[in-house]
Amino acid sequence: MFTDKVIIITGSTQGIGLVTAEMLIHRGARLVINSRSPEKVEKALFYLKKITPNVIGLAGDVSNYEFCLDLRNYVMEEFGRIDILINNAGVASSGLMKEIVPNAFEKVVQINLLGSIYPTLACINDIRQQKGSILFISSVAGIVGLPKYSAYSATKRAIVSLAESIRCELTDDGVFVGINYPGFTENEDHKTTLNAKGEEELLQKRTGVKPMSREKTVERIIQQLQRRKFRMYASFSAQAIQWMYRLFPHLTLSILRFNRKKIISMQ
Ligand SMILES: NC(=O)c1ccc[n+]([C@@H]2O[C@H](COP(=O)([O-])OP(=O)(O)OC[C@H]3O[C@@H](n4cnc5c(N)ncnc54)[C@H](OP(=O)(O)O)[C@@H]3O)[C@@H](O)[C@H]2O)c1
């Protein structure tokens, strides 16, 4: 199903994005990778080109619309079509609302929200031509607002509404739009997060939660594209939280409030 399909994955020079690129290449896709750092793009291309020549990359910031147009034009020049867009680029962030500075919030909104909107705007008509797919990577934190993760939760939930609107609009075009909710996934050692001051810092190893492997998380992303299923959860616990919140919203929020100190103290 992926043979010769042209797939753009934003933020794909490490972590979930890079493993998704690799696993889709093994399924015959032609891949476009991206992230802001030219060095990381070069390194990821060097690694992926050992598997296939059908991979290209462009460094740039997907929260900049002009760059997204350049990315779209580059892909059309090189491959002549766009079948699938995976809006994966994202930044982790944490900080209590009473401490967080406006600039930190702006950065998270720019990357996690505009960074999903702009590539979609730039590529939507090419994807419509192919009756292709647009996948948004949200998070369990996008199901319900978590304490200390207001900016992250707000942006990851906003892209759920975005996906719902676009899915409805594109019904007659045969385009698949989906939203994927990864759970806590094994991080790269050098993964960074934005602190309350909006500064990038190394993400501390999380204690007390066993992460899923990146491969397991990506298997769910690939299954979702294959099945064209609107919502896909990486883990049973993520699905359970969604159902619980839908059926018992007040109870779910009360449980969160009861456990707030534990959640806030978690890394
Ligand atoms: N890991 C988890 O536990 C988890 C759980 C739930 C959801 N998620 C979501 O899954 C996605 C991937 O997570 P991950 O853990 O693989 O993250 P990661 O290791 O931090 O990788 C993020 C990638 O995005 C790129 N990036 C960041 N901002 C960008 C921008 N403005 N424009 C273009 N590229 C950008 C980064 O490279 P540069 O720095 O070079 O730009 C990097 O390649 C994110 O959306 C995240 O929120 C992750």
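At what angle do α3 and α4 pack, and how far apart are their axes? These legends walk through some close-up views of a predicted model, starting with that pair.

**View 1. Helices α3 and α4, packed together.** Here's the reply to the opening puzzle: the angle is about 35°, and the axes are 8 Å apart. Those are the two values to look for, because two packed helices are described by the angle between their axes and the distance between the axes. The crossing of this pair is right-handed. On the α3 side, the contact is made by Y65, C68, L69, R72 and M76. Their partners on α4 are Y118, P119, L121, A122, C123 and D126.

**View 2. Helix α3, with a buried side and an exposed side.** Let's begin with a quick check on length. Helix α3 runs over residues 65-79, which makes 15 residues, and at 1.5 Å a residue it should span 21 Å. Its end C-alpha atoms are 21 Å apart, so the expected span and the model agree. Now look at which residues are tucked away: F67, C68, L71, V75 and F79 are buried. These five cover an arc of only 100° around the axis, so they sit on the same side of α3. Over on the other side, E66 and E77 are exposed. What lies over the buried residues? The cover includes strands β1 (6-9), β2 (30-35) and β3 (55-59), along with helix α4 (102-130).

**View 3. The two ends of α3.** Zoom in on the start of the helix, and you'll find N64 reaching over. One of its side-chain oxygens comes to within 2.8 Å of the backbone nitrogen of E66. Then jump to the far end: just after α3 comes G80, with a positive phi of about 80°.

**View 4. V55, a buried residue in strand β3.** Strand β3 showed up earlier as part of the cover over α3, and V55 belongs to that strand. Its relative accessibility is 0%, so V55 counts as buried. Who are its neighbours? Leaving out residues up to four places away in sequence, V55 touches I25, L31, L45, L48, K49 and F79. One of those, F79, is also among the buried residues of α3. For a sense of scale, try S93: it is 38 residues from V55 along the chain, and the two C-alpha atoms are separated by 31 Å.

**View 5. N112, a buried residue in helix α4.** Is N112 buried or exposed? With just 1% relative accessibility, it counts as buried. N112 sits in helix α4. Its side chain makes a polar contact with the side chain of T155, at 3.3 Å. Setting aside neighbours within four places in sequence, N112 is in contact with G90, V91, Y152, T155, K156 and I159.

**View 6. Helix α6 and what it packs against.** Try the length check again. Helix α6 has 14 residues (214-227), so at 1.5 Å a residue it should span 20 Å, and its end C-alpha atoms are indeed 20 Å apart. Its buried residues are R214, T217, V218, I221, I222, Q224 and L225. They cover an arc of only 155° around the axis, which means they share the same side of α6. That buried set packs against α1 (15-25), β4 (84-87), β6 (133-137), β7 (176-181) and β10 (231-233). Right after the helix comes R228, whose phi is positive, near 50°.

**View 7. Two lysines with a positive phi, K131 and K148.** Why stop at these two? Because most residues other than glycine have a negative phi. K131 has a positive phi of about 50°, though it isn't a glycine. You'll find K131 in the loop between α4 and β6, and its relative accessible area of 52% makes it exposed. K148, also not a glycine, has a positive phi of about 75°. It lies in the loop between β6 and α5 (150-169). At 17% relative accessibility, K148 counts as buried, since the cut-off is under 20%.

**View 8. K262, an exposed residue in helix α9.** Last stop: K262 is part of α9, which covers residues 260-265. Its relative accessible area is 57%, so K262 is exposed. K262 and S138 are 124 residues apart in sequence, and their C-alpha atoms are 23 Å apart in space.

Definitions and conventions: Residues are numbered from 1 along each chain as its sequence is written. This is a predicted model: local features need pLDDT of at least 70, side-chain atom pairs count only at pLDDT 80 or more; totals for chains, interfaces and linings use all residues. Side-chain values use heavy atoms; hydrogens and water are left out. Helices (H or I, at least four residues) and strands (E, at least two) are DSSP runs, numbered from the N terminus. The expected span of a helix is 1.5 Å times one less than its number of residues. Buried means under 20% relative accessible area, exposed over 50%, partly exposed in between (1.4 Å probe, protein chains only). The arc is that of the directions from the helix axis to the C-beta atoms. Contact means heavy atoms within 4.5 Å. A polar contact is a pair of N or O atoms within 3.5 Å; within protein, one must be able to donate a hydrogen and the other to accept it, and residues adjacent in sequence count only if both atoms are side-chain atoms. Axes are lines fitted to C-alpha atoms, for helices over the stretch in contact, and angles run from 0 to 180 degrees between N-to-C directions. A crossing is left-handed if the near helix is turned anticlockwise from the far one by less than a right angle, and right-handed if clockwise.
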